[in-house]
Amino acid sequence: MVKTESIDTTVQEVTNVLIAAADLSIPKSSSHSFKHYKPWWNADCQTAYKNQRKLWGIFRRYPTTENLLAFKKAKANARRVRRRSQRQSWIRYVSSLTSSTSSKQLWKKVKAANGIYREFSFPILQTSNSVFSSPEEIANILGETFQSVSSAASYNSRFLEIKRRAERTPINFSTRSFFPYNCNFTMTELKKALIQAHNTSPGPDGITYTMLRHLHPNSLANILFYSTEFGRSIAFPPAGGKPL
């Protein structure tokens with residue numbers, strides 16, 4: 001049996017091992033910010049740049065004078081295409097500014113010309129008779145909607161009768177009698193649960209379902225063992241009660 005005071009230590013050790021293995025084998029996305037969008041970049045610029053990269057690859061593999069000249073011509077052509085596109089984009093931008101352009105539209109165009117994305121604005125939620133804009137109001141409306149969809153009022157009468165009959169049956173976790181809810185989890189059940197689980201965002205521990213699916217069978221067996229011991233002790237790690 002697993003002692004209650006050792007649950008935290010056990011869970012933390014398993015979590016540390018999984019995270020350490022993931023850090024060694026799973027690449028992480030770069031923390032560098034993305035480059036600003038170039039409003040003047042078009043299909044001609046892309047084609048010229050691809051041709052430049054192609055000839056550069058040829059010159060790297062076969063460094064001859066002929067290939068060097070071809071690469072330099074492609075590079076000069078790509079630079080000429082970019083400058084022409086930048087000039088045309090600037091002309092279109094200046095032409096769009098008039099005496100009737102508001103300051104808001106002006107700054108929006110300035111940011112667009114510099115490739116700066118529009119700031120994130122919190123969405124507005126509109127119901128049948130009201131409009132909500134604050135995060136707290138929107139969260140409450142969404143919560144009420146989810147609650148109504150998941151309530152018993154959404155079930156049909158046949159299912160409600162089965163539900164009421166099942167809920168009248170007392171549950172006893174201490175008896176030695178054979179009941180399905182007193183049986184230990186099996187490896188088949190664990191693998192089935194992992195297969196059916198969606199690839200949602202990880203919780204505070206940073207462990208995803210995908211990581212668990214790719215575990216070695218021995219590691220998965222250890223996790224199953226600890227889960228079974230926790231169930232027998234009727235004690236669960238405090239992290240299991242934290243909301244995501």
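A residue counts as buried when its relative accessible area is under 20%, as exposed when the value is over 50%, and as partly exposed in between. The exercises below apply this to a predicted model.

**Exercise 1.** Decide whether Lys163 and Glu167 are buried, partly exposed or exposed, and describe how their side chains meet.

*Solution.* Begin with Lys163, whose relative accessibility is 29%; because this value lies between the limits of 20% and 50%, Lys163 counts as partly exposed. Next take Glu167, which has a relative accessibility of 53% and therefore counts as exposed. Finally, look at the pair itself: the side chains of Glu167 and Lys163 meet in a salt bridge, with 2.8 Å from N to O. Both residues belong to helix α6, where they stand 4 residues apart, which is about one turn of the helix.

**Exercise 2.** Find which residues are linked with Glu161 in a network of salt bridges, and work out where these partners stand along the helix.

*Solution.* The general idea comes first: side chains of opposite charge can pair when their charged atoms come close. In the network, Glu161 is linked with Arg164 and Arg165. For the salt bridge between Glu161 and Arg164, the closest N and O atoms are 3.5 Å apart, and for the one between Glu161 and Arg165 the corresponding distance is 3.8 Å. Each distance can then be checked against the cut-off, since a salt bridge requires the nitrogen to be within 4 Å of the carboxyl oxygen.

Now consider the positions. Glu161 and Arg164 are separated by about one helical turn because they lie 3 residues apart in helix α6, which covers residues 157-167. Arg165 also lies in helix α6, 4 residues from Glu161, again about one turn of the helix.

The last step concerns exposure. Glu161 has a relative accessible area of 35% and is partly exposed; Arg164, at 42%, counts as partly exposed, and Arg165, at 45%, is partly exposed as well.

**Exercise 3.** State how many salt bridges the structure holds, and then describe the surface patch of positive charge that includes Arg79.

*Solution.* The structure holds 3 salt bridges. Turning to the patch, Lys72, Lys75, Arg79, Arg80, Arg83, Arg84 and Arg87 gather on the surface as a region of positive charge. Arg79 is placed in helix α3, which covers residues 65-95. With a relative accessible area of 33%, Arg79 is partly exposed, and this value can be compared with the cut-off for patches, whose residues must have over 30% relative accessible area and no salt bridge.

Conventions: Residues numbered from 1 in each chain as written. Predicted model: local features only at pLDDT ≥ 70, side-chain atom pairs only at ≥ 80, totals over all residues. Heavy atoms only, no water. Helix = DSSP H or I, 4+ residues; strand = E, 2+ residues; numbered from the N terminus. Buried < 20%, exposed > 50% of the residue type's maximum accessible area, 1.4 Å probe, protein only. Patch = residues over 30% accessible without salt bridge, like charges linked within 9 Å, V, L, I, M, F, W, Y side chains within 5 Å. Areas by Shrake-Rupley, 256 points an atom, 1.4 Å probe, with all protein chains shown as cover. Lys, Arg positive; Asp, Glu negative; His and termini not counted. Charge placed at Lys NZ, Arg CZ, Asp CG, Glu CD.
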